[in-house]
Every structure is written in structure tokens, then in C-alpha cells.
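Colleague: Could you take me through the charged pairs in this one, with a close look at a single part? I'd like the reasoning along with the values.

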Amino acid sequence: GRKRSGGDDDSDDDEPSREPFDDKSLRKKYKIRTGESGHVWSETLENTLPTKVVSRLDGRSFSKLPLSSDRKKRESKVVGFASQAFHVQTDDDDLFPGYIAGNVVMPPRGIKDAEGVGLCSQVFNVGDCQPNSVEFALADPNGQDGEFDPRTAQRYLLSKGDMFQIPPGNVYRIENHSRSDRATLFWTIVKCTGKAEQTDESDEDDGSRSGETSS
């Protein structure tokens, strides 16, 4: 069965049973791999190396997302479950940005509380949901320090196949408004370059010095 850490979610129960594809002819024609690794070319090393290239659902662990203390009394207390499929580090020469990819399952009325992406970029793909039930809310960048304010947030209702992105320095929130269907979303986080991190640290240092001078 599927591994799940801290999960009391019964989100698999609404999945219709489907017969697996008959792969006998393909296996006679090709060598089909059953694992998750393969040999790839590395531009960094200029050589081939074994790498995880597949992440099978039944091999991933799902962790329960945290419940924010900022939720209002009228808001649902349901949270989602997230799993990580890949985690690729930025190369030492800072030429190829690293990334993290996985998926999140939102039970009916589930909420992913407001979260900032920092210097990273994040892209979501709505894999499945009740049509028009997934709300993506993006904080107003003109608000105080870009924090999430429900009164001014930019809100979008999405359906299966829709995608959305969160550029660096922004805050977002996701809610599944459906009372009957779970929502499955797939995400990718693109890490920032080392240069961006250094620039950010430099800006923070300058701000600290300015504060010290003004006081």
C-alpha cells in the first residue's frame, strides 16, 4: 500500500478501479525497467552517471501539512498531504539551477496555508479536482512587506489541467472548496542561483547597517 507519514487521509477511496494496461507485447519488444534509476549524461561532470529519473507513487511518503494558527474560526481546519519526488541540487559552478518536485493532495475543504517562496520560483499543475473548486490566492505585492492579506489577495478558481506560478518574493495560498472531491496538484520549485543568494544576503547586510546608523 501507499506509504504516508502522519496521514489519516482516506483520499484513495474515491479512486475508481481501472484495469492495468496489458504490457506483454511491449516487454517482448523492449527492456522495460521496473526501478526508478537510469543512466543520464551530466553536463557538470561531462560523463554519465546513475540517477533517479522516475518517482513511483507507491514508493513515496506523504506528510501532513502544518495547520497554521492564523486560520480564522470560520475557516476549515482540514490540511493537505504532500510528497517529494525529486530533489536536485544546484551544481557547484552555479550554471544549472536545482529544483524540487512533488505533489500535494488536498482533501475536501483542505487548505494549504499562506506561504512565501523566498528567492525560489514555484509552478503548480492541477492534476484533478472538482471543476472550478481549487482556489489559488496570490498576495497583493503592494501590501505590507508582501504579506498575505485575505482582503486584498488576488484569487483564481481553477480546474483540472490548469496551472499557476509564484515568482520569487511572493506569497500564495491554496484551498479546495469542494465538499465531495479531493484535489491533486503537482508542483516544481526552481531554486535560485548562488548569485541571487549572495545579492539577497548583501541587501540584508546593507539594511542592518542602515538601521544601525540611523539609530
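Modeller: Sure. A salt bridge here is a side-chain nitrogen of Lys or Arg within 4 Å of a carboxyl oxygen of Asp or Glu. Keep in mind that this is a predicted model. Side chains of opposite charge can pair when their charged atoms come close. Searching the whole structure turns up ten salt bridges.

Let's start with aspartate 23 and arginine 27. Their closest N and O atoms are 2.8 Å apart, so the pair counts as a salt bridge under the 4 Å cut-off. Aspartate 23 has a relative accessible area of 28%, and arginine 27 comes out at 40%. Buried means under 20% and exposed means over 50%, so both residues land in the partly exposed class.

Leucine 26 sits in helix α1, which covers residues 24–29. At 35% relative accessibility, leucine 26 is partly exposed too. Leu26 also belongs to a nonpolar surface patch of about 410 Å², together with Phe21, Tyr30 and Ile32. A residue needs over 30% relative accessible area to be in a patch, so the 35% of leucine 26 clears that bar.

Now for the part I'd zoom in on, arginine 173. Arginine 173 makes a salt bridge with glutamate 75, with the closest N and O atoms 2.9 Å apart. That pair ties together distant parts of the chain, 98 residues apart: arginine 173 is in strand β11 (residues 171–176), while glutamate 75 is in the loop between β3 (63–64) and β4 (81–88). As for exposure, arginine 173 has 8% relative accessibility, so it counts as buried, whereas glutamate 75, at 23%, is partly exposed.

Arginine 173 also meets glutamate 135 in a salt bridge, at 3.8 Å from N to O. This is another link between distant parts of the chain, with glutamate 135 in strand β8 (residues 134–138) and arginine 173 in strand β11, 38 residues apart. The 3.8 Å value is within the 4 Å cut-off, so the contact qualifies. Glutamate 135 is at 7% relative accessibility, which means it is buried.

Both contacts feed into something wider: Glu75, Glu135, Arg155, Arg173 and Glu175 are linked in a network of salt bridges.

Conventions. Residues numbered from 1 in each chain as written. Predicted model: local features only at pLDDT ≥ 70, side-chain atom pairs only at ≥ 80, totals over all residues. Heavy atoms only, no water. Patch = residues over 30% accessible without salt bridge, like charges linked within 9 Å, V, L, I, M, F, W, Y side chains within 5 Å. Areas by Shrake-Rupley, 256 points an atom, 1.4 Å probe, with all protein chains shown as cover. Helix = DSSP H or I, 4+ residues; strand = E, 2+ residues; numbered from the N terminus. Buried < 20%, exposed > 50% of the residue type's maximum accessible area, 1.4 Å probe, protein only.
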